[in-house]
Amino acid sequence: MNRLIFDEEHDLFRDQVRRFMQEEIEPNVEAWREAGICDKDAFRKAGEQGYLFMWADEQYGGLGLKDFRFEQIVTEEGIRHGDISLFLTLHSRLVGPYIGELGSEALKQRLIPQCISGEAILGVAMTEPGAGSDVAGIKTRAIQDGDDWIINGSKTYISNGINGTHFVVAARTVPDKPHGLGLFVVEADMEGFKRGRNLDKMGLKAQDTAELFFEDVRVPAENVLGDPTRGFYNLMHFLAEERLINAVQGIAHAQTAFDLTKAYILERKAFGRPIAAFQNSRFKMAEMRTQLDITQTFVDQLVLLHNAGALSAELAAEAKLQATETESRVMDDCVQLHGGAGYMSEYRISHMFTDARISRIYAGSSEIMKEIIARGMGLDERELLKR
Ligand SMILES: Cc1cc2nc3c(=O)[nH]c(=O)nc-3n(C[C@H](O)[C@H](O)[C@H](O)COP(=O)(O)OP(=O)(O)OC[C@H]3O[C@@H](n4cnc5c(N)ncnc54)[C@H](O)[C@@H]3O)c2cc1C
């Protein structure tokens, strides 16, 4: 399908990014998967090319490129010619805007140049052992001490948790209010900050996911993001972009699996004919093609809406739900069409299948997406039960 949202400038950018991914990322992916973590140098190399924090204003050394399509291209090419585990976009567009929009001027001047070069690597730490979908259940505490804040508690399942140098941490600032949270930038070299081990996972093998611990970590006023009692609402605001990113990733991942499966079934033979010649294979491919085109069209439309400042939480939730559920179904069909080879680690599809499984869970599960969409149309359970 010809995607009409890109112009010549985007096409030229895509060619450059593709070459970068093919030359600098793809050759390392297998080693990173075995090591359970990607090399920090990947961030520095992407930074050298200007692919990190592209949105940052020129005064901080950025390109001032607010157009989300450029980030979409980095994500799509990174997945096709690299690996979905390399979270450049988490650094740049999922966590970065918290600093760009809510950070103090001193923090922005100090941190953004390091984020652009890839010297600093970002993560966001909301989830705790007892609070995942239920963000209001966060127990990590932040208590004011003069101008500083003292943080105590722990987080789990944090992406870029080992490579990360700076984390946006959600902590409770108002004890008796479920939504009384603040957001703070905790730096890895602050006293009292500790990382747990790199958690062993079913998929995303090159992604470092870790526990983080905070013991009397003293955070200066400069590192407070926005109003320290309105962190919950700020999280909800930035989660819309996060979910659009997940949708872009999910559909790019599914499209890549589709393409490599098509090549495989044209090559592999059974009963004296290519696997592609069986009606079931052709119909499965036709079904997937249709789902991919419908979903891509919707996601692309939301990218334009986001550029226009009109992406709602409900539309972002629809995109995440649709793209990640499609991703999972496509991965399953693609493994099936590969037969036994699809279960073998040497075939990329086998790990794409396990990598994809998290998309329907993290950044808000499919069930939470349905809650958001239903509430948006006036079907809020809490209100309905009062009737
Ligand atoms: C690889 C990986 C990377 C991650 N990266 C990060 C990160 O960088 N930062 C971060 O903060 N977190 C991160 N997470 C955490 C992730 O966002 C949470 O795991 C996710 O939000 C789900 O929370 P939970 O695991 O506590 O599941 P739970 O909340 O315990 O949910 C369990 C099940 O119950 C369902 N459920 C929960 N509430 C409802 C409801 N109201 N209605 C219907 N069903 C419901 C869920 O959909 C799910 O199916 C990551 C997780 C993984 C596995």
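**Spaces and helices in a predicted model**

Biologist: The lining of the largest cavity divides into 8 nonpolar, 4 polar and 1 charged residues. What makes a residue count as nonpolar, charged or polar?

Modeller: Ala, Val, Leu, Ile, Met, Phe, Trp, Tyr, Cys and Pro count as nonpolar, Asp, Glu, Lys and Arg as charged, and the others, Gly among them, as polar. Before we go on, this is a predicted model, where local features need pLDDT of at least 70, side-chain atom pairs count only at pLDDT 80 or more, and totals for chains, interfaces and linings use all residues. Residues are numbered from 1 along each chain as its sequence is written, and side-chain values use heavy atoms, with hydrogens and water left out.

Biologist: Why is this space called a cavity, and what is a pocket?

Modeller: On a 1 Å grid over the protein atoms alone, a cavity is a set of points where a 1.4 Å probe fits but cannot get out, while a pocket is an open set with protein on both sides within 12 Å along at least five of seven lines; lining residues have an atom within 4 Å of a point. By this rule there is 1 cavity of 30 Å³ or more. Of the 13 residues that line the largest cavity, T75, I79, L86, L88 and T89 are the closest to its centre. The largest cavity has a volume of about 130 Å³, where volume means the space filled by probe spheres set on the points, with grid points joined across faces, edges and corners.

Biologist: Which helix gives the most to the lining of the largest cavity?

Modeller: That is α4, with 4 residues. Both α4 (68-81) and α5 supply at least two residues of this lining; helices (H or I, at least four residues) and strands (E, at least two) are DSSP runs, numbered from the N terminus.

Biologist: How much space lies in the largest pocket?

Modeller: The largest pocket holds about 1,500 Å³. It is lined by 49 residues, and the closest to its centre are G132, I361, Y362, A363 and G364. Its lining has 25 nonpolar, 14 polar and 10 charged residues. The helix α7 gives the most, with 10 residues.

Biologist: And what does the second largest pocket look like, in volume and lining?

Modeller: About 470 Å³ of space lies there. Its lining has 21 residues, with R93, P97, E101, E241 and H306 nearest the centre. Among the helices that each supply at least two of them are α5 and α7. Domain 1 (8-121) and domain 3 (233-385) each give at least three residues to this lining; the bounds come from an automatic or database domain assignment.

Biologist: How do you know that α5 is largely enclosed by the rest of the structure?

Modeller: We count buried residues, where buried means under 20% relative accessible area, exposed over 50%, and partly exposed in between (1.4 Å probe, protein chains only). In α5, 14 of the 15 residues are buried, so the helix is largely enclosed. The helix α7 is mostly covered, with 28 of its 37 residues buried.

Biologist: Why is A240 called buried and R110 partly exposed?

Modeller: A240 has a relative accessible area of 10%, so it is buried. R110 has 33%, so it is partly exposed. A240 is found in α7, and R110 in α6. A240 and A363 are 123 residues apart in sequence, yet 9.8 Å apart in space, C-alpha to C-alpha.

Biologist: What makes you say that α5 bends?

Modeller: The bend at a residue is the angle between axes fitted to the seven residues ending there and the seven starting there. In α5 that angle is about 50 degrees at G96, and the proline P97 follows within four residues. There is also a kink of about 30 degrees in α7, centred on L239.

Biologist: How does the span of α7 compare with the expected value?

Modeller: The expected span is 1.5 Å times one less than the number of residues. With 37 residues, α7 reaches 53 Å from its first C-alpha to its last, close to the 54 Å expected.

Biologist: What makes L204 worth a look?

Modeller: Most residues other than glycine have a negative phi. L204 has a positive phi of about 45 degrees although it is not a glycine. It sits in the loop between β6 (193-198) and β7 (209-219). With a relative accessible area of 6%, L204 is buried. D216, in strand β7, also has a positive phi, of about 50 degrees, and is not a glycine.
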